[in-house]
Amino acid sequence: FQEENENKIFHSSLISLDYSTDEECNSNDISTFQKEYWDSCTLEVEKFRFKNQWELENLAFHLCLDSWNEEKSMQLSLVRRLRDFQFARSKRLSKYEKCTYWGVFRFYNHILSIRNDVNWAENTETRRIRREQYMSWEKYDYIQKEKIKLRRPYLASTLILMFFFVYMSSLAGNNWNIEPISINPMLGPSRDVLIQMGAKETDLIVNEKNWWRLFSPIILHAGIIHFLNDIVSLSLVGYALEYFHGTYFTSATFFISGIGGNIISALILPHQVLAGASGGISGMTAVVIFDVWSNWSLLCHPGFELTKSKELSFIFNITWFLFLTVTVRFMLGFSPFQDNLCNLAGMMYGLLFGISAMKYYAIGFTDSHTRKWKSMPLTLIKCLSAACIVSSIVISSVFLYAKKGDTVCHWCEKAMCVSFPPWEELPSKQWWQCENSQCIGISADAIMNESNGAYDVLRLYCPYGKSVSVFLGDEPPQDEAELRRLLPDLCHIHC
C-alpha cells in the first residue's frame with residue numbers, strides 16, 4: 001500500500017516536475033492543458049527552490065556537487081534529485097534509528113548508506129524522465145542489502161586461522177614453554193624457535209638465500225600479546241575494509257604493505273629479528289585513514305546522520321578509534337621482535353596503494369557538470385603512486401642484497417627498540433633489553449692467564465661482526481655454565 005501511494009505521487013510528479021529550462025518540448029506533442037499545468041507546477045518548484053536555496057546549496061556542497069556554484073540557480077533536475085535524497089535520508093533515519101555501529105564499521109556503513117541514497121535519487125529521476133515504473137526506497141534498499149550480504153571476509157578469516165595454527169606450532173616447537181619477559185616481552189617462544197619458524201633475519205635472507213623470509217614473518221607472531229593485538233586489529237579494521245572494498249583490494253593492500261615493510265626492515269635493521277603482520281595491518285589502517293580524509297565532507301552535515309544516538313559524535317568515534325589503534329601498535333613496536341620501521345613502511349605502502357588502486361566511488365549526481373579535465377590530475381596521481389610502489393620495492397631489494405647484511409643506519413637500531421624501563425641503566429634492573437634478542441646465543445673464547453692459570457679474559461664475537469676483549473676481574477668465575485650466563489650481559493655492555 002505504501003509503495004502504491006509513492007507510485008501515485010511519483011507519476012503525479014512526472015508531469016509537475018519533468019519540465020526544466022534545459023529540455024525542449026514539442027508543442028505538437030503536448031496539449032495546451034499540459035503546458036499550462038507544467039508551467040504552474042514549474043512556478044511552484046521555482047518558489048520551493050528559492051525558499052530552500054541555502055539548504056540545498058549546503059547539501060550539494062557536502063555532496064561535492066559544483067553545479068550550484070557554476071550557475072546562479074540550480075537546475076530543476078538537480079533540485080528534484082536533492083529532494084529525493086532528503087526523502088531517502090528521512091526514510092533511513094526512521095527505519096534504522098535503533099541500529100548502531102562502532103568504529104570503522106560505523107564509518108563505512110555511513111558512507112555506503114549515503115551512496116545508496118544518492119543512487120536511489122538518481123535512479124528515481126531517471127525513471128521519472130523515461131516514464132518508467134517507480135521503485136520505492138524500501139525495495140531499492142532491500143536489493144542493495146542483499147548484494148552486501150554476498151560479500152564475505154574471506155581474507156580476514158583465513159589470516160586469523162593461519163595466525164592461530166602457526167602460533168600454536170611455534171609454541172609446540174618451544175616445548176609448550178613461554179620464555180620469561182626478559183627474553184621475550186611478548187610472552188612467546190625463544191628467538192631460535194622464531195628463526196626456525198621463518199622470522200626475518202637479514203643474514204639468512206642475504207647470505208643463505210632464504211628469500212622466503214620476506215614473506216613468512218607475515219603469519220608468524222612473537223608471543224600471545226603480539227598475537228592478540230593483530231587478531232583484534234584484523235577483526236576491527238580488516239573485516240570492515242574487506243566489507244567495503246572487497247577481498248581482492250584488501251588482499252593486495254595487506255601483502256604489498258607486509259612484504260614491502262619487511263624489505264625495508266631487513267635493509268635498515270639487519271640485526272633485529274622480526275615477526276608479525278604489523279606491516280600489512282598498518283597498510284590497511286592507512287587505507288582507512290585515507291578513506292576518512294577523502295570522505296571528510298560527508299561526516300559533518302547533520303542531514304547525513306544515520307541515527308539519533310546520544311553516544312559520542314560520529315567524527316570523534318572514528319578518529320578516536322584510529323588514534324587508539326595506531327598508538328597501541330606503535331607502542332608495542334618498541335619492544336624486541338617488533339619493528340616500528342615495518343609499521344611506518346607498511347603505512348606508506350598502504351597509502352600509496354590506496355591512492356593508486358582504490359575505486360573512487362562518485363558520490364554525486366549526473367547534473368554536477370564534472371568536466372573531463374578534472375579526472376586527469378587524479379589519473380596522474382594514481383600513476384605516480386603506483387610508480388612509487390614499484391620503484392621503492394625494487395630499489396630497496398637491490399640495496400638489501402648489495403649491502404649483504406651490513407648496518408645502514410646505526411642510530412635507527414637504537415631508536416626503533418627501547419629497553420624497559422628506559423631510565424634504568426643497569427641491565428639487571430631492566431625488565432628486558434633490546435640487545436638481548438641479538439646477544440642470545442653469542443659465542444666467546446676464554447683466554448687463560450699464564451701467570452695464575454685462570455680464564456680472566458673473554459673474547460666476545462659481537463652480532464655486528466666485530467670482536468672485543470673483556471677483562472673479568474681479579475677473581476673471574478671459572479665455571480663454564482656461569483660464564484655462559486654472563487655472555488648476554490657482557491654483550492649488552494661491550495658490544
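This is a short talk on one protein chain, from its overall make-up to its sheet and three of its residues.

Let me start with the model itself. It is a predicted model. So please hear every value as computed from that prediction.

First, the whole chain. There are 495 residues in the protein chain. Of these, 49% count as buried. The secondary structure comes to 19 helices and three strands. The chain exposes about 25500 Å². Carbon and sulfur atoms supply 62% of that area. Now the contacts. Take those with a separation of 6 or more in the protein chain. Residues 24 or more positions apart account for 74% of them.

Next, what the record says. An unreviewed UniProt entry lists several spans under "transmembrane region". They are 154–172, 218–241, 248–268, 274–293, 314–332, 344–362 and 383–402. I looked at two of these in the model. Residues 154–172 are 100% helix and 0% strand. The end C-alpha atoms of that span lie 27 Å apart. Residues 383–402 are also 100% helix and 0% strand. Here the end C-alpha atoms are 28 Å apart.

Now the sheet. In what order do the three strands of the open sheet stand? The order is E1-E2-E3, and the pairing is antiparallel. Strand E1, residues 443–448, and strand E3, residues 467–471, are at the edges. Each has a single partner strand, so one side of each is left without a neighbour in the sheet. On average, neighbouring strands of this sheet are turned by 25 degrees against each other, direction ignored.

Let us walk along the first pair. E2 covers residues 455–461. Six bridges join E1 to E2, and the two run antiparallel. You can trace the register with your finger. Ser443 has Tyr461 in E2 as its bridge partner. Ala444 is partnered with Leu460 in E2. Met448 is bridged to Tyr455 in E2. E1 and E2 form a hairpin, with six residues between them. Look at Gly453 in the turn: its phi is positive, at about 75 degrees.

Then the second pair. E2 and E3 are antiparallel too, over five bridges. One position to find is Arg459, which stands opposite Ser469 in E3. A general point while we are on strands: in a regular strand the side chains alternate between the two faces of the sheet.

Now to single residues. I have picked three, and two of them share a helix.

Start with His245. It is in helix H11, residues 224–245. Is His245 buried or exposed? His245 is buried, because its relative accessible area is 14%, and the cut-off is under 20%. Which side chain makes a polar contact with that of His245? The side chain of Asp291 does, at 2.8 Å. Leave aside neighbours within four places in sequence, and His245 is in contact with Tyr108, Asp291 and Met358.

Stay in helix H11 for Ser233. Ser233 counts as buried, at 7% relative accessibility. A polar atom of the Ser233 side chain lies 2.9 Å from the backbone oxygen of Asn229. What else does Ser233 touch? Not counting residues up to four places away in sequence, Ser233 touches Gly238, Ile281, Thr325 and Arg329.

Last, move to helix H6, residues 103–130, and find Glu125. Glu125 has 0% relative accessibility, so it counts as buried. How far apart are Glu125 and Arg80 in space? C-alpha to C-alpha, the distance is 7.3 Å, while in sequence they are 45 residues apart. Outside its neighbours within four places in sequence, Glu125 is in contact with Ser77, Arg80 and Arg81.

To recap. The chain has 19 helices and three strands. The strands form an open antiparallel sheet, in the order E1-E2-E3. His245 is buried, and its side chain has a polar contact with that of Asp291. Ser233 is buried in the model as well. Glu125 is buried at 0% relative accessibility. And all of this rests on a predicted model. Thank you.

Terms used: Residues numbered from 1 in each chain as written. Predicted model: local features only at pLDDT ≥ 70, side-chain atom pairs only at ≥ 80, totals over all residues. Heavy atoms only, no water. Pairing = 2+ DSSP bridges. Helix = DSSP H or I, 4+ residues; strand = E, 2+ residues; numbered from the N terminus. Axes fitted to C-alpha atoms, helices over the stretch in contact; angles between N-to-C directions. Buried < 20%, exposed > 50% of the residue type's maximum accessible area, 1.4 Å probe, protein only. Contact = heavy atoms within 4.5 Å. Areas by Shrake-Rupley, 256 points an atom, 1.4 Å probe, with all protein chains shown as cover. UniProt positions renumbered as here; feature names shortened; annotations may be inferred. Polar contact = N/O pair within 3.5 Å; in protein donor to acceptor, adjacent residues only side chain to side chain.
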